[in-house]
Amino acid sequence: MTSTLIESEDRREYRATRRRGLVVDLSMTLATILAALVIGFLVMLATGKDPVAAYEALLTGPLERSFRVGRWLEDATTLTLLGLSVAIPFRARQISLGAESQLYAGALAAATVAIFLPLPPVAAVIVPLVAAAAAGAGMGFVPGSMKARLGANEIVATLMLNAIVVRVYDYLVNGPLKESGSSAVHSERIQPDSALTPLTEWLGVPLGRANVGFLVMLLTAVALWLLITRTPLGYRIRMTGSNPHFAEYGGIRVPRAIEWSFVIGGAVAGLAGAHLVQGVYGRLEPGLAGSLAFEGIVVALLARNNPLVVVVAGLFYSYLRAGGDIMEQQTDVGTEIVVVIQAVIVLLVTAQALPDLLKRRLARRQADTSRGQAGAARGKAGTR
């Protein structure tokens with residue numbers, strides 16, 4: 001009976017600690033966003049621009065028309081998936097910069113299936129997504145295995161793999177996969193049944209190329225959060241990131257946990273590539289992702305690698321990108337101010353001292369409260 005009560009109390013305390021961690025991560029993300037916006041406002045004020053008009057266009061422009069909302073959701077889907085893809089290796093304290101290669105590998109796999117493999121309607125959508133996730137996972141396994149088994153530097157391994165995969169992608173799009181008879185450089189279009197359903201068909205509002213990939217992204221974020229917080233594999237990844245020596249002493253196979261973090265992250269980045277092929281472009285295009293792969297790293301850092309908070313950070317960051325274009329069109333302020341805000345975000349999120357200090361204080365306060373409650377309970381027991 002006593003042991004059951006103790007286990008129940010420990011479980012409640014663990015859940016409360018996890019909730020506090022989520023609140024701290026979300027609060028720090030919102031505080032970082034606010035600070036970056038304030039600094040951007042001051043920069044515009046110092047340069048003689050009208051910050052009020054510029055911020056009005058930046059912060060309200062993407063919501064003024066439905067097609068702008070669609071452009072925002074379309075960009076947020078890809079960017080958030082990329083943020084999730086690097087957040088998982090980061091939880092294992094692995095600096096993975098390989099989202100670019102994983103995205104392009106996923107795009108190639110999804111396009112190959114969606115163009116050349118005839119499938120029934122539902123399978124025509126699902127099979128390319130699975131192929132993209134598998135290709136991305138394979139691209140994640142290579143540097144993950146090199147780091148875990150051979151001690152290779154994961155930064156160098158992922159960057160070099162990026163260069164290889166992107167060059168192979170360019171060769172295929174300009175050569176074997178190029179649409180025959182076309183002067184433009186792109187592949188053939190995917191089968192209509194393989195396209196992700198536009199949100200316009202569901203909501204009846206013209207949202208451009210925004211599609212059900214947005215819902216896939218939300219489900220992926222929830223699944224990754226459950227994986228990290230509720231499963232033995234997630235526990236092993238978290239412990240490896242917290243203290244690999246302690247994890248190994250506790251019986252965790254650290255190399256296997258590192259490999260799995262890269263594989264899972266690669267699979268999610270592969271889904272981002274499939275979203276671009278099946279939902280946005282409908283085929284392979286040169287420079288498919290632009291700089292999104294590296295901006296996904298900023299999103300993950302802004303969210304403190306918490307999968308649920310990555311959604312918030314990805315939505316904000318893509319909103320900032322969409323608003324920057326509108327601000328440049330409607331005011332005399334260029335998109336350089338958006339770059340300033342992004343740079344400030346990077347500087348703030350890399351300063352880990354403040355959130356770490358806040359978490360330590362919360363943990364200390366909770367420990368003091370628990371000791372006080374335990375002392376009070378012992379005192380009551382002694383008086384009986």
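How many salt bridges are there by the rule used here? The count comes to nine, where a salt bridge is a side-chain nitrogen of Lys or Arg within 4 Å of a carboxyl oxygen of Asp or Glu. Before you dig in: this is a predicted model, in which local features need pLDDT of at least 70, side-chain atom pairs count only at pLDDT 80 or more, and totals for chains, interfaces and linings use all residues. Residues are numbered from 1 along each chain as its sequence is written, and side-chain values use heavy atoms, with hydrogens and water left out.

**Exercise 1. Describe the overall make-up of the protein.**

Step 1: Start with secondary structure. There are 15 helices and zero strands; both are DSSP runs numbered from the N terminus, with helices being H or I of at least four residues and strands E of at least two.

Step 2: Check burial. Of the 384 residues, 48% are buried (buried is under 20% relative accessible area, exposed over 50%, partly exposed in between, with a 1.4 Å probe and protein chains only).

Step 3: Look at contacts, meaning heavy atoms within 4.5 Å. Among those with a separation of 6 or more, 75% are between residues 24 or more positions apart.

Step 4: Add the surface. It comes to about 18,600 Å², with 64% belonging to carbon and sulfur atoms (Shrake-Rupley method, 1.4 Å probe; for residues, only the protein chains shown count as cover).

**Exercise 2. Trace the salt bridges of Asp75 and Glu259.**

Step 1: Take Asp75. Its partner is Arg321, with the closest N and O atoms 2.8 Å apart. That pair links distant parts of the chain, since Asp75 sits in α3 and Arg321 in α13, 246 residues apart.

Step 2: Compare burial. Asp75 counts as buried because its relative accessibility is 7%, while Arg321, at 23%, counts as partly exposed.

Step 3: Now pick Glu259. It bridges to Arg149, again with closest N and O atoms 2.8 Å apart. Glu259 is in α11 (residues 254-281) and Arg149 in α5 (residues 121-150), so this bridge ties together parts 110 residues apart in sequence.

Step 4: Find another partner of Glu259. Arg256 meets it in a salt bridge at 3.9 Å, N to O. The two are three residues apart in α11, so about one helical turn separates them.

Step 5: Finish with accessibility. Glu259 is buried at 8%, whereas Arg149 is partly exposed at 45% and Arg256 is partly exposed at 35%.

**Exercise 3. Work out what lines the second largest pocket.**

Step 1: Get the volume, which is about 290 Å³. A pocket is an open set of points on a 1 Å grid over the protein atoms alone, where a 1.4 Å probe fits, with protein on both sides within 12 Å along at least five of seven lines; lining residues have an atom within 4 Å of a point.

Step 2: List the residues closest to the centre. Of the 16 lining residues, these are Arg321, Ala322, Gly324, Asp325 and Ile326.

Step 3: Assign elements. α3 (66-91), α13 (307-330) and α14 (336-349) each give two or more residues, and α13 has the largest share, with eight.

**Exercise 4. Locate the nonpolar surface patch.**

Step 1: Name its members. Trp202, Leu203, Val205, Leu215 and Leu218 form the patch, with about 460 Å² of accessible area together (patch residues have over 30% relative accessible area and no salt bridge, and nonpolar side chains, Val, Leu, Ile, Met, Phe, Trp or Tyr, are joined within 5 Å).

Step 2: Map them. α7 (199-203) and α8 (213-230) each supply at least two residues, and Val205 is in the loop between α7 and α8. Val205 counts as partly exposed because its relative accessibility is 34%.

Methods. Patch = residues over 30% accessible without salt bridge, like charges linked within 9 Å, V, L, I, M, F, W, Y side chains within 5 Å. Points joined across faces, edges and corners; volume = space filled by probe spheres on them.
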